[in-house]
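Colleague: I'm new to this one. Can you take me through it and tell me the reasoning behind the labels you use?

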Amino acid sequence: MGSWRRWPSGVLGLWRSSLEFRTIAITVILSGIAVTVIGASISISIGNNVYDQRRAQIESESQRATVLAQGIFDSATSTEDNNQVELDSLQNQAQSAILSSTSSPGGTSIAILRTPGQSTSQTIQNIASPDFPNSSISREMRSAVARDSDRLHFQPVSLTTSAGRAPGIAVGSTLQVPTAGQYELYLVYDLSDAQKTLDFMKQTLAIGSIALVLLIAVITYVVVRLVVAPIRQAAETSQLIAAGHLEERIPEAGRDVVATLGRSFNGMADVMQRQIEQLAHLSRMQQMFVSDVSHELRTPLTTIRLAGDVLYGNRGDFDPVSHRTAELLHTQIDRFEMLLADLLEISRFDAGAVELETEPVPFVSLVTDSLAEFEPLAAEAGSTITLNAQGGFFEAEADPRRLRRILRNLVGNAIEHGEGRPITVTIDSDADAVAIAVDDHGVGLRAEYAERVFDRFWRADPSRRRTIGGTGLGLSISREDAILHGGQLEVASELGVGTRFVLTLPRRRGVTITSSPIALAVPQPGVDTEGGPA
């Protein structure tokens, strides 16, 4: 029962995945409908034609039999004085003449019946063939025959034979017997021979239709195989190319449309391979350049740092202009060091040379320590930082150095763009993941900007001043750190309301997270996403 219940879904899956099955099924269904309609039309047409021919033949024979019988009665009574014995003899002669004049393959039954309601000096007995179906002659037909004696009357009947039920036609007419009045002549013709012909024709037509549909299915399968096989090969080749096997190609043979498609596909693959290899080479060169430049800048930057520290330490002895110059130099050297460190980290990410050093980390303690570093800067900007630790009191496997860097980037970004409004940091967890949300209530970002906040060196407003001195790589590095943990860093922003960053990390290394304990939705003023007061 289970397999029978599963087969519709299997057929549906095959319908969706197999072009061959779909094409053959549609062709068979449509051709089956067409063959059925045509076959039914032919069967009905042939059946009507056979019936009309048999009816015309029966009408002719019945008319001839009636004339013959009436002639026997008329010729005999014109020369002799008829008595009862003679009338009975004439009746038998008429019956024999009628039966000998009919040629129905299925056989003919005859009955001569006196029309009711007559008063004559003599009568003859009703006679009928032994197999005459008296019940088949309806009262309506007898009334019609007695009332309208100038023509033949027909009625389809069902006959009982040794082989079962068979169709037939009853024909009624009248005979005028002198001195005996009006009698009704009924001839019942067996049409089983015509029915057998029709049944054989229908059976032959049905077998031929099924054979035709199967032949169409086979032809369709062969044609579809010829067409679909190259397409399937092209699909498999494209999947291999997408998987990195850039040298894969479609075999080329012939000059038809499919061969032209293969050559075009191979030409496109050649161009793509060259471009991909060129781009990969340029990417490697770029990574090597950034890495080499970053390393080479270490030595002069160290020298500049030493000289700058000397100048910065003695800035009190300088005149106001030199004093300010020493402070600017010290600030920019700090920013240069940060930029250089970020560039080195980005180059390691691009080269795939980054490794995690995980350990059990108590998230609340780590977040609390990280927020303490930003309290003076937040106070200077006019913001307050609130920690909402709803969960996360359990340890999780993470790299504490990278986690602190993510928090510094997120909190620093919130202070930078929070417009002096309160900042909320929320921690929550479930059985599989730990999440940290950083919310500011600044001006927010448009939707198209929110999609680009993780791009390298991207700024929503280049004219906006920087109070922290970021490098433009912090959020990009943070997202790389989150992905390195097997987690995710997402952002949601709304103009005039604020921005929310949600960091979600798995509790155990290697676990795939499917959802975050904290919803990615910007908290509205006065209410957070968990439903409590902000």
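Modeller: Sure. This is a predicted model, and a good place to begin is where helix 8 and helix 9 cross, which they do in the right-handed sense.

Colleague: What makes that crossing right-handed?

Modeller: The rule looks at how the near helix is turned from the far one, and clockwise counts as right-handed. The crossing of helix 8 and helix 9 falls in that right-handed class.

Colleague: How are the two helices set against each other, by angle and axis distance?

Modeller: Helix 8 (residues 363–381) packs on helix 9 at about 30°, and the axes are 10 Å apart. Angles under 35 degrees count as roughly parallel, so helix 8 is roughly parallel to helix 9.

Colleague: Which residues meet there?

Modeller: From helix 8, they include Phe363, Leu366, Phe374 and Ala381. Among their counterparts in helix 9 are Pro400, Leu403, Val411 and Ile415.

Colleague: Helix 9 also has a salt bridge, I gather. Why is the pair Asp481 and Arg402 called that?

Modeller: A side-chain nitrogen of Arg has to come within 4 Å of a carboxyl oxygen of Asp. For Asp481 and Arg402 the N to O distance is 3.0 Å, so the pair qualifies. Asp481 sits in helix 11 (residues 474–484) and Arg402 in helix 9 (residues 400–417), with their positions 79 residues apart in the chain.

Colleague: Are those two buried or exposed?

Modeller: The cut-off for buried is under 20% relative accessible area. Asp481 has 0%, so Asp481 is buried, and Arg402 at 4% is buried as well. Shared partners then join Asp399, Arg402, Arg405 and Asp481 into one salt-bridge network.

Colleague: How many salt bridges turn up in the whole structure?

Modeller: Eleven. Another one joins the side chains of Arg142 and Glu184, at 3.0 Å from N to O. Arg142 belongs to helix 4 (residues 139–147) and Glu184 to strand 5 (residues 181–190), so this bridge ties together parts 42 residues apart in sequence.

Colleague: Why is Arg142 called partly exposed, and Glu184 buried?

Modeller: Partly exposed runs between the 20% and 50% cut-offs. Arg142 comes to 25%, so partly exposed is the label. Glu184 has just 1%, so Glu184 is buried.

Colleague: What about Arg315 and Glu327?

Modeller: Their side chains form a salt bridge too, at 3.7 Å from N to O, which is within the 4 Å limit. Arg315 is in the loop between helix 6 (257–313) and helix 7 (320–351), while Glu327 is in helix 7, twelve residues apart. Arg315 has 23% relative accessibility, so Arg315 is partly exposed, and Glu327 at 21% is partly exposed too.

Colleague: Back to strand 5. What sheet is strand 5 part of?

Modeller: An open sheet of five strands in the order 2-1-5-4-3, with antiparallel pairing.

Colleague: What makes strand 2 and strand 3 the edge strands?

Modeller: Strand 2 (127–128) and strand 3 (153–161) each pair on one side only.

Colleague: And how do you know that strand 1 and strand 5 pair?

Modeller: Pairing takes at least two bridges. Strand 1 (residues 108–114) and strand 5 have seven, in the antiparallel sense, so they pair. One example is Ile112, whose bridge partner in strand 5 is Leu185. Helix 4 packs on this sheet, touching strand 1, strand 3, strand 4 (164–177) and strand 5, and its direction makes about 130° with that of strand 5.

Note on methods: Residues are numbered from 1 along each chain as its sequence is written. This is a predicted model: local features need pLDDT of at least 70, side-chain atom pairs count only at pLDDT 80 or more; totals for chains, interfaces and linings use all residues. Side-chain values use heavy atoms; hydrogens and water are left out. Helices (H or I, at least four residues) and strands (E, at least two) are DSSP runs, numbered from the N terminus. Buried means under 20% relative accessible area, exposed over 50%, partly exposed in between (1.4 Å probe, protein chains only). Contact means heavy atoms within 4.5 Å. Axes are lines fitted to C-alpha atoms, for helices over the stretch in contact, and angles run from 0 to 180 degrees between N-to-C directions. Angles under 35 degrees count as roughly parallel, over 145 as roughly antiparallel, 65 to 115 as roughly perpendicular and the rest as oblique.
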